Each structure stands twice: as structure tokens, then as C-alpha cells.
Amino acid sequence: MINKDHAKLPDKRPEQARRRLEAIGKIHNLPLPLLKEGLSTAIDSDRIPKELHNKSYHQTTTHLITNESEATAKPFDEANEQERALIKRHRYSLIDPHKDRLIALQQAASDNGILITIPPRTKLEKPINILSEYDTNGFTHILIIARNGSEATITRNIKERRGGDETGLICEAVEIIAEEHARITYNEAQDVSRRTAWYSQKKARAGPRAEVRWYSHVTGGSLTKQDTTTLLEGKDAKSASLATMLLAGEQHENSTTNAHHAAANTTTRMHAKAIIGGSARMLHRGLIDISEESPGAEGYQQGDALLTGTEAEADIIPQLEIKNADVACSHGATVGNIEEEDLFYLQSRGLDEERARDVIAEAFLISITAHAEEDEQWKEEILSIIKAQRGTT
Amino acid sequence: MTDKLIIKNLHVKAEDKELLKGVNLEVAQGEIVALMGPNGSGKTTLANAVMGRPGYTITKGSITYRGKDLEGLPPDERARLGLFLSFQHPAEIPGLRVDDFLRELRERKKGKKQGIAAFRSYVKSLMDKLDIDQGFLERYLNQGFSGGEKKRMEILQMALLEPSMAILDETDSGLDIDALKAVAAGVEALRSPTVGTLIITHYKRILDYLKPDKVAVLIDGRIVREGGPELVDKLEAEGYAWAGKQ
Ligand SMILES: Nc1ncnc2c1ncn2[C@@H]1O[C@H](COP(=O)(O)OP(=O)(O)OP(=O)(O)O)[C@@H](O)[C@H]1O
Ligand SMILES: [Mg+2]
């Protein structure tokens, strides 16, 4: 059964608004997110609106949720008493709301969000789809609690209705708690305005034998700042973080992907692939951190950027921190241009240069699915996200 | 005006090195011409120059096809004129599915959309003829293909594109006997009075299947000999040292 939930999330309660404004006032003591950590690629932090308190953060965000009936996916303000207790307990249980100014703003300015709970041993056949549409600046918190032995895919599309020249700010937080033997796949396609700074903090905790899989596709934003972290806390827990970026014009993107291994036989796979056109810039950092408590851990990370713009820049910095001898890890990074040989090959078959470049770029992104081969459904989801957004640049 | 491929006193330079030093060669429609020559003599360079590979500059002479001077034309426009090059080392494109790619080629060739079902049955019949497993349709273009599989994929693309002038750069190298027969059958199927073929090869074997009308020998960037099929036997017996002598 399909349950469509049209949730408008304006918060009109005046006392709450005042409380928020007060909180926002205090936030300015916190530092802005760290952006200039690249080797040579400089990400422009001025793209984060400085006068945060002067912005209007009235919530005019719509979340259209389509999901199967076994799972609960609902806006925070529609939560029942039991669910409110869950939200209270788990919200910001993984993400530190004082980490920087934006996440603090996120916490202060918004009590909106979506709670998704997957009951024990429930396996959802179809993904829960969420279309998040922002009218202007906005905040969203997604809290996913996957109980023992449950399995679900959440696929989120993030869009912005606003056009025009005004710069905007969107802050998001995603927290996933995957209990024992749960398996959560979180796919996200971000296509907000090219004038908007998009800031996203994502963090998951994987219990014993649990698996957390992230996929993110970024095409929008003047500045994208995204941090994705998985805490592998249970024995045999697994994580996968796949990311694709299709940047053009003057877009800047700064992302980090982190996996912290804190239990035996935990595994991580990370792969990011980016097409960088125009004078866009990307700075990507991956970190696999393996503690002493993780014998038998395995980590793989790779980052590849294809520069298609004459002034495009990319830095990819893979990092391993291993405090245990009994592990297997590999990492690598490539930054390059379209191979003249590939271009000539396709052109010789009748594709004009522009089309040949597009085909090569799309193929480059699509080959991320090599890491989802074992799961046809995930692979198809990733493919459809890449193909749906290819026309937008 | 003639429909021939005419290479006239062609001098080609790459990275400041003169690789072709005055090549003269003609391939007429309906004709099969074999081009032989030792490693590094410039055979692939010639094929690249005809197809318009960037980095290979014509410093003197010309290449014309169907009365048109090809200099400055991008490779895709040469393809549209009817030229096709089967690569000695085809590129691998991970992420590009063979079926999607072939359908796009066919659509470009035909100038209209191809229904998925109709296209599938069409391409499957071609694959049967070339003895290519249909599982290849779901794979990424040339990724992880064996040498022989890549060559068959080249011939499949040739069959789809129906060129009027095909250059096969060592398409027969590394093929087992069955694959060689399949490739020869593919070329034969395309053969018509309006199609010309230039076969670059090191071996007599393929020329037993596809009788050349003319054989040319390229050594050090120059055509040193031209003759009939009997030249192949002579080369086999005497080697290139003989061909190079005046
Ligand atoms: N882009 C290039 N830049 C510099 N030298 C090149 C370039 N392309 C080819 N060459 C050189 O030109 C010569 C001819 O190369 P080519 O590939 O045309 O030989 P070939 O006759 O096809 O040999 P084979 O039988 O081994 O395939 C070789 O010495 C090669 O190294
Ligand atoms: Mg060669």
C-alpha cells in the first residue's frame, strides 16, 4: 500500500520562533565549517551567508513522502508521544550540534524533520521516497531508526523551487541508527539552486552485523559542504559510501567521508567520482580510521575526478589511520582529463565531440555502480539517479 | 569526381617526428586492398591520419575521400562521410553499456529513433552471424574484453554503421580460427561494389578468406611495393628486407 503524506512544515508558533532567534544570536561564537583544507584547491567560504541572523528562516519546505505501510515515515510535528520520545533520545545523538556554526543554526532554527522507523525484522521491498523541496533557505533533519534485522532503502531528492539571484542557505542533518543486523541504504540526489550554499551533515551508527550504505549525487549548490560519517560499532558491521558529483560553472564542493572502525571484522568501501566542468572546484577527503578493537577490519577507498572544464580543479585526499596490524586496506586517488584516445574512438564512430564528451562523462559516473554490483536494486537506484539528473547541467 | 579514398604524397608528423614520408595509395569502392609492413613502419599512423586523430598533422600531401579533402574535418564528420576504422587497440569505456552505445550508433546512422525491441532483434541477428554472445550487450564497452572479443566488437560496430570505406587495422591479429572466420564473414557480408576495404595485416591467413585486389607494402613511412595477391606469398617467402630493396 502506498501512503502519500503531504506535509507542509511552516512553524507559526510565535514563542518558538522567538526562542529560535535567541538561540541563533548565540551561534555566532562558533566557528564556520572548515573549508580551506585542500592542498591547492581553495574552496570559497564566503559563499556561506555571513549574516545568518538576518536571513529569514521561515520554513516553507515541503516533504512529499511515499512509503510502504510497514514503516513509519512522518514529519516530527506529527509524531505521537512514543515517537517524540524516540526523537528526543536519538536526535543529535550522533551529530554534535556544537561542531560548527551551521549545524548549531540547524539545531536552533528548526525543530522540523522526518522520523523514519523500520520495525524489527521488517524488510521493505520498495524504497521510501522523499522529495524535499525548498522554497528558500531551510533546514531539515532526517532521523532513521532501523530496528534489529530490518532492511530498507530511503531515496531522497532535494530540490529548490526558488530561482533568481538571491543567495540562499540550506542546512541538513541525517542520522541513521542501524541496530543489530539491520541494513539501511540511504540514497540522495541534491539539485538545489546554483546560488545556494548547501550544508549537510550525515552520520550513522552500525551495530553488530548491521550494514549502512550511502549514495549521494550532487549537482546543485554554489557551495556544497557535506560530511558523511559511519561509526562501525558492532562486530561484522559494514559500510559503503558511494558518491558522484557533477559540477559545472563556478560551483564549489567540499566533502568528507569518514569511517570509524571500532569492532572486529568491520568493513568499509568508499568511492567518490566527480565530473568537474567550467571553473568548478572540488575538495574531497576520505578517512578510514581503524582502532585497536578492530582486528580483521577491511577498508577500501578511492576517489576519481575527471576535469572537463578548462579551469576546473580538484583535490582528493585519501587517508588511513590504522592502529591495528591485522587489517587490509587500500586507497587511491586520480585526477585527470578525458582521454584523447577515448574521445577519438567515440568520434570515429560518428558521435560529435560534445556528445562524445557527455557519453564519456556519464559513463565515468555510472561506473560507480561497480561497487553495487552485488545488489541489483541498489545499482538500479543509483543508475536512475544519475540518468535523471544528467539533463540538468 | 571519384568515390575513391585517395592518399597522395602524404607526409604526417606527430610530436615533431615525421612518421609518413610521402605515402601514395588509392582504395576504390568495391575493392579490397591489403597494407602490410613491419612493426613501426607507419600503418596505424596512416589509419589514424585518414580517420583524423588529433596529434597527427599533415605537413604535405593530401587525403581525399569522395572528392572531399579530409584535412581539418573532425573524426565524426569523416565517419558521416562513410569512413570506418576498426582499431588495432580499441578503447575501453567502463560505464558505457554496449547495447546503449550500439543503439545510439544505429540511430545516428539511420537518422531516427530505434525501438528497443526491434533494435534488439536486429543486433542479435548480427551478433549471431559474428558469433558474439548476447551477454556482451549488457557489458561495458570493451571493458575486460579479451583481445579477440574486442576485435569482434569492432566488426559488429562496422556492420551496424554500414560504412562505404572500412579500414581494418590488424583486426585479424590475436584471433582464433573461428573468430577469424567470423570476422572475415563480417567483412564479406558488407562487401559490395560501393564498399571499399583497406586491410592492415601481418598475416596471409585473413587474405586467404578475403582475396585482396591489391597489396601494398609500407616500410619506414613509404609505400615501397604494390602488386597483386602474389606479393603476399613473395613477402612470406622473402621477408621485408627483400621488399625494401629496390
Ligand atoms: N603520436 C605519436 N608520437 C610519436 N611517435 C609516434 C606516434 N604515433 C606513432 N609513433 C611512432 O611512429 C612509428 C609508426 O607507428 P605505427 O603505430 O604507425 O606503426 P605500425 O606500422 O602500425 O606498427 P605495428 O605493426 O607494430 O602496429 C613508430 O615508431 C611509433 O612509435
Ligand atoms: Mg599498428
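The following exercises, with worked solutions, concern salt bridges and a ligand shell in a predicted model.

In this predicted model, local features need pLDDT of at least 70 and side-chain atom pairs count only at pLDDT 80 or more, while totals for chains, interfaces and linings use all residues. Residues are numbered from 1 along each chain as its sequence is written, chains are lettered from A and ligands numbered from 1 in the order in which they are written, and side-chain values use heavy atoms, with hydrogens and water left out.

**Exercise 1.** Determine which parts of chain A are tied together by the salt bridge between A:R183 and A:E211.

*Solution.*
1. A salt bridge is a side-chain nitrogen of Lys or Arg within 4 Å of a carboxyl oxygen of Asp or Glu. The N to O distance between A:R183 and A:E211 is 3.2 Å.
2. A:R183 belongs to strand β9 (residues 183–191) and A:E211 to strand β11 (residues 211–218), so the pair ties together parts 28 residues apart in sequence. Strands (E, at least two residues) and helices (H or I, at least four) are DSSP runs, numbered from the N terminus.
3. Both residues also belong to a network of salt bridges that includes A:R213, A:R269, A:E374 and A:D375.

**Exercise 2.** State whether B:E154 and A:R349 are buried or exposed, and explain what their salt bridge joins.

*Solution.*
1. The two side chains meet in a salt bridge of 2.8 Å, N to O.
2. B:E154 lies in helix α5 (residues 147–161) of chain B, and A:R349 in the loop between α4 (340–348) and α5 (353–366) of chain A; the pair therefore joins two chains.
3. Buried means under 20% relative accessible area, exposed over 50%, and partly exposed in between (1.4 Å probe, protein chains only). B:E154, at 0%, is buried, and A:R349, at 1%, is buried as well.

**Exercise 3.** Describe the surroundings of ligand 1.

*Solution.*
1. There are 16 residues around ligand 1, of which B:G40, B:K43, B:T44, B:T45 and B:Y56 come nearest; a residue is near if one of its heavy atoms lies within 4 Å.
2. An oxygen atom of ligand 1 lies 2.8 Å from a backbone N or O atom of B:G40. For B:K43, a polar side-chain atom is 2.7 Å from an oxygen atom of the ligand. A side-chain N or O atom of B:Y56 is 2.8 Å from a ligand nitrogen.
3. The largest share of the shell, 3 residues, comes from α1(B).

Conventions
Polar contact = N/O pair within 3.5 Å; in protein donor to acceptor, adjacent residues only side chain to side chain.
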